[in-house]
Amino acid sequence: MDISTAAKRSGVPASTLRYYEDKGLIQSVGRKGLQRLFAANILERLALIALGRVAGFSLDEISNILGAGENPDIDREMLLTKATELDRTIQKLTAMRDGLQHAAACTAPSHLECPRFRRLMGLAASGAIKGQPSNIAKPISR
């Protein structure tokens with residue numbers, strides 16, 4: 001199938017297909033004039049790339065997962081590591097959502113007088129919410 005057909009069927013722009021080919025994620029099987037041609041399984045491979053992106057894998061990680069051959073050699077340990085990472089992200093986002101919902105409904109005269117809101121500020125200042133350390137000092141608890 002030519003690149004325009006692959007782009008239409010997959011929803012991936014032709015420019016992205018060319019980029020993926022440059023990165024070694026996909027391979028064309030030839031050319032018809034100036035247009036790249038792809039094997040029929042390109043749509044499956046693009047679906048695997050999309051799944052990897054949605055799961056949070058980088059293109060380099062996806063490239064390692066897919067390999068150069070027809071059948072991907074998916075590292076199960078890498079999948080478990082990513083699943084654990086996603087669990088941590090979900091926990092952080094859940095805590096943030098709950099804190100924001102509380103702050104929106106809190107009856108304290110000021111958000112700065114709410115212990116739960118101040119704890120949320122402390123987590124953000126320490127980098128615990130983003131998962132990165134921060135140089136910002138924690139607010140003083142009351």
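**Helices, core and charged pairs in the predicted model**

At 8% relative accessibility, Lys82 counts as buried, because the cut-off for burial is under 20% relative accessible area. This residue belongs to a predicted model, and the Lys82 side chain meets that of Glu85 in a salt bridge, with a distance of 3.1 Å from N to O. Both residues of the pair lie in helix α5, three residues apart, which is about one turn of the helix. The partner, Glu85, has a relative accessibility of 37% and therefore counts as partly exposed.

Helix α5 itself spans residues 76–105 and has 30 residues; the distance from its first C-alpha to its last is 43 Å, close to the 44 Å expected at 1.5 Å a residue. At its N-terminal end the helix is capped by Asp75, a side-chain oxygen of which lies 2.9 Å from the backbone nitrogen of Glu77. Along α5, Gly99 and Ala103 are buried, as is Lys82, and the cover over the buried residues of this helix includes α4 and α6 (115–126). A further salt bridge joins the side chains of Asp98 and Arg97 at 2.8 Å, N to O. Asp98, at 26% relative accessibility, counts as partly exposed, and Arg97, at 44%, likewise counts as partly exposed.

The count of salt bridges comes to four. One of them is formed by the side chains of Glu21 and Arg36, which meet at 2.4 Å, N to O. Glu21 lies in helix α2 and Arg36 in strand β2 (residues 35–37), so this pair ties together parts that are 15 residues apart in sequence. Both Glu21 and Arg36 are buried.

Arg36 is also among the residues touched by Asp2, which, when residues up to four places away in sequence are not counted, touches Gln35 and Leu37 as well. Asp2 lies in the segment before α1 (3–10). Although Asp2 is buried, this residue has no salt bridge, and the nearest side chain of opposite charge, that of Lys32, is 5.5 Å away; since a salt bridge requires a side-chain nitrogen of Lys or Arg within 4 Å of a carboxyl oxygen of Asp or Glu, the pair of Asp2 and Lys32 is not counted as one. The side chain of Asp2 does, however, make a polar contact with the side chain of Ser4, at 2.9 Å.

The largest nonpolar core contains 17 residues, of which Leu17, Tyr20, Leu25, Ile26, Leu46, Ile49 and Ile62 touch the most other members. Two or more residues are given to this core by each of α1, α2 (14–23), α3 (42–54) and α4 (59–66), and α4 gives the most, with four residues. For Leu17, when its neighbours within four places in sequence are left aside, the residues in contact are Ile3, Ala6, Ala7, Val12, Ile26 and Leu46.

Taken as a whole, the protein chain has six helices and two strands, which follow the pattern α-α-β-β-α-α-α-α when read along the sequence. Of its 142 residues, 23% count as buried. Among the contacts in the chain with a separation of 6 or more, 37% are accounted for by residues 24 or more positions apart.

How values were computed
Residues are numbered from 1 along each chain as its sequence is written. This is a predicted model: local features need pLDDT of at least 70, side-chain atom pairs count only at pLDDT 80 or more; totals for chains, interfaces and linings use all residues. Side-chain values use heavy atoms; hydrogens and water are left out. Buried means under 20% relative accessible area, exposed over 50%, partly exposed in between (1.4 Å probe, protein chains only). Lys and Arg count as positive and Asp and Glu as negative; His and the chain ends are not counted. A polar contact is a pair of N or O atoms within 3.5 Å; within protein, one must be able to donate a hydrogen and the other to accept it, and residues adjacent in sequence count only if both atoms are side-chain atoms. Contact means heavy atoms within 4.5 Å. A nonpolar core is a set of buried Ala, Val, Leu, Ile, Met, Phe, Trp, Tyr and Cys residues joined through side-chain atoms within 4.5 Å. The expected span of a helix is 1.5 Å times one less than its number of residues.
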